[in-house]
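Please walk through this model with me, from the contact between its chains to the details of a sheet and a single side chain.

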Protein chains: 2
Amino acid sequence: MRPARSLPLLVLCVAAAGLAADTPTESLIGFSPVRAAGQRSLEQRFDAALDPAELKEWMRRLSARPHHLGSPYGKDDAEFIAAQFRSWGWDTRIEEFRVLFPTPKIRVMEMVAPTVFRATLAEPMVKEDPTSGQAAEQLPVYNAYSIDGDVTGDVIYVNYGVPRDYEELERRGIDAKGKIVLARYGSSWRGIKPKVAAEHGAVGCLIYSDPRDDGYFEGDVYPRGPYRNDAGAQRGSVADMPLYPGDPLTPGVGAMPDRAKGVDLAQARTLTKIPVMPISYGDALPLLKSLGGPVAPESWRGALPVTYHLGPGPTKVHLELAFDWKLVPAYDVIARLAGSERPDEWVIRGNHHDAWVNGAEDPISGLVALMAEAKSLGALHGSGWTPKRTIVYAAWDGEEPGLLGSTEWAEAHDSELQQKAVAYVNSDSNGRGFFQVQGSHTLEKFINQVARDVTDPETRVSVAQRLRARRIAFGNEDDKEERKDIRDRPDLRIGALGSGSDYTPFLQHLGVASLNIGFGGENGNGIYHSIYDSFAHYTRFNDPTFAYGVALAKVGGRTVLRLAEAEVVPFEFTAFADTLARYVKDVAKLADDMREKTEEDNRLARDNTLELAADPRDRFVAPKAKEAVPFVNFAPLQNALAKVQDSARAFDRARTTRAGEALPADTQKALDEVLMHAEQALTRPEGLPIRPWFRHQVYAPGFYTGYGVKTLPGVREALEQRDWKAAEAQAVIAARTLEGFAVQIDRATALLEKS
Amino acid sequence: MRPARSLPLLVLCVAAAGLAADTPTESLIGFSPVRAAGQRSLEQRFDAALDPAELKEWMRRLSARPHHLGSPYGKDDAEFIAAQFRSWGWDTRIEEFRVLFPTPKIRVMEMVAPTVFRATLAEPMVKEDPTSGQAAEQLPVYNAYSIDGDVTGDVIYVNYGVPRDYEELERRGIDAKGKIVLARYGSSWRGIKPKVAAEHGAVGCLIYSDPRDDGYFEGDVYPRGPYRNDAGAQRGSVADMPLYPGDPLTPGVGAMPDRAKGVDLAQARTLTKIPVMPISYGDALPLLKSLGGPVAPESWRGALPVTYHLGPGPTKVHLELAFDWKLVPAYDVIARLAGSERPDEWVIRGNHHDAWVNGAEDPISGLVALMAEAKSLGALHGSGWTPKRTIVYAAWDGEEPGLLGSTEWAEAHDSELQQKAVAYVNSDSNGRGFFQVQGSHTLEKFINQVARDVTDPETRVSVAQRLRARRIAFGNEDDKEERKDIRDRPDLRIGALGSGSDYTPFLQHLGVASLNIGFGGENGNGIYHSIYDSFAHYTRFNDPTFAYGVALAKVGGRTVLRLAEAEVVPFEFTAFADTLARYVKDVAKLADDMREKTEEDNRLARDNTLELAADPRDRFVAPKAKEAVPFVNFAPLQNALAKVQDSARAFDRARTTRAGEALPADTQKALDEVLMHAEQALTRPEGLPIRPWFRHQVYAPGFYTGYGVKTLPGVREALEQRDWKAAEAQAVIAARTLEGFAVQIDRATALLEKS
């Protein structure tokens, strides 16, 4: 820390003492006042055992060699983690699955016209980074679950390669059919790019990291700074995870290790339809430099020192990919502390352990915090404490290729989990900066309490207060309502979960209320899924003191401890109802906006405005008139929302009325039973249209965004696909689901009122 | 034109026939119906004489060699233009002034640390462009009216170098004092950059063309495409023109050729305070590459393939500049067709003839249209037609260094012009695309009629209709009110004039109603003020057929012909009142926005939000609390606006009531006398605060924007400077001026009503 900052920080500490996290006085949701004090003192003991030096050493150990799914060191890591858990007193086992995991045999990308250039497709060793030289064990740069292919074609540049980019190309008369598309990383999850490219007839797909989004435009590149250099490339899965995650061959069921060994790729609906490969911006530059055709729209241009053209031609590329389509073992480490009072209520906490290469940040920075929690919980246990509920800690394998370890485990234990799981608390990576949380809004109030009780290492205010400051300072200053909402609302809003980490099978397949937690925002991240995601990089550019590792352990530990120890599981519903009201408003507004935009677009098409405004030297394709957007009946949804709001308020009244007293034990247990299954009432066994694996009716990853969440997905995606009938039908389905949820809340209220 | 476009265009022509410009039926403002028909037939004859081949040949001739102020070929061009005018029957003379025009003796820019690099400061010849090799006659790359200097200092990058950029630097603890600032072209007029840099204590200033704004980011670079290449640099004046334009030694008076020869630079208040030089992005790259310090804010980063840092250090630069501070002759070509009926009412039309180098586009593309007009008017005159009013055509010298020719001429003839000028119609450059017009809103309705009567060469609809289409298609689609205004308002709004061309002395010093006209928007322009602004470039990338040169001549010719021939000069005031209402609303909103922002900023400072949101690894300077913004009394302005609105409506009623008849000759003359001097009623002899040369109270170039207009400048700039008392005083002054303007309108109304 710089000398210049010491004084103001000291002053701040004194000034903000009244707000500091270390003197909490707030009552705890789920606890009677008399128990809350004991809980907080337990948490102080928990905190005292956290040692940043241990986190650092675990990271050094776990990231010392490449440890991807199926690798020797991946197995070694799993065994090391399991041994640690055991040494801390946890009942630990490794659960093994057998999953499809292709690795490359042939990777060729060469420009064959107008000049010849063969891509290096390799990240060179950097001398400041010792593990970057472990070439023999590194997975090469590739996209997992691309199909094999050998294609040659003219290149077109498709920006981020999302549906609206193809609309833009169409307006310029450019067709992807038979082309190899060059897309830049960003805007959507990478797997969307080959999916959309194939839908438009492309025969191959290259995805590169443009320095505008991921390179020197952002900051100094590695090893001078933390950002991606011109040889850095982003590995990653391109399986169609919005259809279903996990092993492509076993959707909905656990990929047990004793299954038949044959691989029937025809069953694997989540493989890409065309070959796809990631490349560095060094390898992309010659392609873009020689590309002709119209100049790309302004917002499509990146930071390479060329004029971005759309093509097609004269750049022509030969892409050849072949993979070893093998099954590999996945090792999930599962550790338990059995609950004393309610052993059949499980609080689950997880973080994956596999990486693309050495993965110091992704995932080890999150995993070491989880390990610190486990060690400290183990020590509490060793000193005589036993949790009321069962605590399960998990280190997942195979998250990177497609949430394999978590999905297969959740699928293998589906009924037990639906019966016993209270909540799932996920982390993945961690870094210096601001608290980040998304999840089930039934846990919003709960996690806000946790965040108010943990102190930010850099500023000594609570991590909640610092997050609020960030949202105000970095938010849209022109959106005054939003800023007022951030300032005036006692709790910080939490984001909804899309996908991208191991909470997905729990939340969206099984209906287990979930949270995803971490810190970040101050660490330049240019090493995502590269060989440079190393101990050397992390300890130089990210969180060298592991202060934020400890902060995450404090958040994770408190979250688990409170979920495990509360007299009644700490769910409440007014925050959910408040957020749901926004979602309902959003879909209604989406329809209105689409209607207005369609009218306007059709008017522009009709009166030739666009043609008159176009430069006749450019090709102009007149836009086709679109079907007018009808008024969609959202009344069922709005009525269901009103019911949820009523039920949430009633439960809250009953809950706060009884907050001062300890409830009778049988009431507590009966309430737990209702509350811990409330999230399941938001799911539907039939799942979402065209993707039954995704059962949650409020949160889902977008079919065309991948990671990005779509709230009320059935309704929203029907609207986006302009299927008005389906939207109306989905509104009814969502309404029925929400009504069921309200009934569930009412059950809990009744228990409170009659006991 | 591409084959693919032929069919849709044909279809369009038929479909739009009812709207085509060639069948005008609208009554003409200033003309009785019976005269309007004759006027239109005169305009048909005018059009028939326009020949694009002649425009092309004149451009080839005039841009064949470098012709800057004081150059041999500049004089040759002036004599050629004068000879042409004479041959077309115009009473022509060359008026000579003697003006300060420094040219470089020494230009050195070298990086002395951390490595040594000497800037080339030269644009190489391009073989596709024959005139680019005329090195002996070319002015080198430099900024005119920079002072001499020999400085060495650490470099800081200041983005566009406007005041808000220095506020941003201050927040990061970076001080310009003693530094050499590196600013990129754009956002403000270039002369603002060294002015603001000097105010912040910098000792030198470099201005480079970043490829983000002016280079490969925009499109292919010369000679492959039209955009600026890595050696291209932008010459230009840095005189403090917002203080006063024209000869720095003779503000307010004509720089007569017989004045004493000595140069007393101490009188020249518009020279820069520090040395300044423009460089190419090729020369800027090594400086930026080695610059350290914090990474620049995202919006500051350009398109060079480096991480943009702010400095200071380790980049250190030595800048040495010395100039030959000489007086040179400026040759204005002034040609007249004397009016038959009202010879003492002058319609003035001008375009400059001097360039920075060969200047095919700037200014010859505009000048050849003006010459075509003059030739056709001369032919009409030769066939017996004589204008009712006197027409004056001017080709100005010395516009580039600081509007020298026009300003000295306007100052030399100030009383005569204030007495006789009806209006001044300017053009400068011209290109393919869309009609562009700014000017006095008293001429808005008039120029809209002209624009409805001229056909766009590419689309065959009127240039007004095409401009409307562009505004709708390229406007902010989220601003629905604006789009509705564009669609529903019968006339297109015209922009207000700031500065940047020869209308300034007429409009803002003398109070002569002015228009600035041209076409453009489809021509990639990367050759501004470089040696590549050539005949070769223009005829390849801009308007090869000179169809838009002819279109400009049609607009310019109609504008002049109607102003010269109208029975009553075609001013009206409702468009002005409508626009003024927006300006009054704007300044009130400015005060409100500043008040709200100040409150919010102070709140953020008080509650430490910004400090909590900052990364402690970055230097953070807590913002100082600002004085709260009081409520300013805009009532005088609002009352004056109401008077102008009333008067405008009353005049309009009177005007339209009498529109069907020819008014008595003496009423016409009396009306002319009042209307042609109305714009003067918007000026004030004392001028604006700290810059008395600028007398107009509604339009002025911004003191800190240079070209960009500030409307109601006295009030607005006082607000921007947070001088609330001055703002209130200026509101009163503006109100008095506007009341005087309303009285002038009432005089015109009275003449209409009593005659």
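The copies meet through the same surface, because 100% of the interface residues of chain B are also interface residues in chain A. This is a predicted model. In it, 36 residues of chain B are in contact with 37 residues of chain A. Three helices of chain B each supply at least two residues of the side that touches chain A: helix 1 (3–15), helix 13 (463–474) and helix 19 (609–613). Helix 13 of chain B gives the most, with 7 residues. By class, the side of chain B that touches chain A has 20 nonpolar, 6 polar and 10 charged residues.

How are the two chains related in space? A rotation of 180° superposes chain B on chain A, with 0.0 Å of shift along the axis and an RMSD of 0.0 Å. The two copies are thus related as by a two-fold rotation axis.

Now turn to helix 14 of chain A, which covers residues 463–474. At 1.5 Å a residue, its 12 residues should span 16 Å, and its end C-alpha atoms are 16 Å apart, so the two values agree. Which residues of helix 14 of chain A are buried? The run from Val463(A) through Ala464(A), Gln465(A), Arg466(A), Leu467(A) and Arg468(A) to Ala469(A) is buried, and Ile472(A) is buried as well. Both chains take part in covering these buried residues. From chain A, the cover includes strand 15 (433–439), helix 13 (444–452), helix 15 (480–488) and helix 18 (547–565). From chain B, it includes helix 19.

Next comes the sheet of chain B. It is an open sheet of 7 strands, in the order 1-11-13-12-14-16-15, with mixed pairing. Strand 1 and strand 15 (433–439) of chain B stand at the edges. Each has a single partner strand, so one side of each is left without a neighbour in the sheet. Neighbouring strands of this sheet are turned by 20° against each other on average, direction ignored.

Start at the strand 1 edge. Strand 1 (residues 91–100) of chain B pairs with strand 11 of chain B in the antiparallel sense, over 10 bridges. On its way, Arg93(B) stands opposite Ile334(B) in strand 11. Strand 11 of chain B also pairs with strand 13 (residues 389–396) of chain B, again antiparallel, over 5 bridges. There, the bridge partner of Ile334(B) is Ala394(B). Ile334(B) thus has a partner in strand 1 and another in strand 13. How enclosed is strand 11 of chain B? Of its 11 residues (327–337), 9 are buried, so strand 11 is largely enclosed by the rest of the structure.

Further along the order, the pairing sense changes. Strand 14 (residues 421–426) and strand 16 (residues 514–521) of chain B run parallel, joined by 3 bridges. Tyr424(B) stands opposite Ser514(B) in strand 16. Helix 15 (residues 503–510) of chain B lies across both strands, running at about 145° to strand 16.

Finish with one residue in chain A. Lys105(A) lies in strand 2 (residues 103–113). Is Lys105(A) buried or exposed? Lys105(A) is exposed, because 11 other C-beta atoms lie within 10 Å, and 12 or fewer count as exposed. Lys105(A) still touches Ala322(A), Phe323(A) and Asp324(A), leaving aside residues up to four places away in sequence. Pro140(A) is 35 residues from Lys105(A) in sequence and 9.9 Å away in space, C-alpha to C-alpha.

Notes: Residues numbered from 1 in each chain as written. Chains lettered and ligands numbered in written order. Predicted model: local features only at pLDDT ≥ 70, side-chain atom pairs only at ≥ 80, totals over all residues. Contact = placed C-beta atoms within 7 Å. Helix = DSSP H or I, 4+ residues; strand = E, 2+ residues; numbered from the N terminus. Nonpolar A, V, L, I, M, F, W, Y, C, P; charged D, E, K, R; others polar. Expected span 1.5 Å × (residues − 1). Buried ≥ 20, exposed ≤ 12 C-beta atoms within 10 Å, placed from the backbone. Pairing = 2+ DSSP bridges. Least-squares fit on C-alpha atoms with pLDDT ≥ 70 in both. Axes fitted to C-alpha atoms, helices over the stretch in contact; angles between N-to-C directions.
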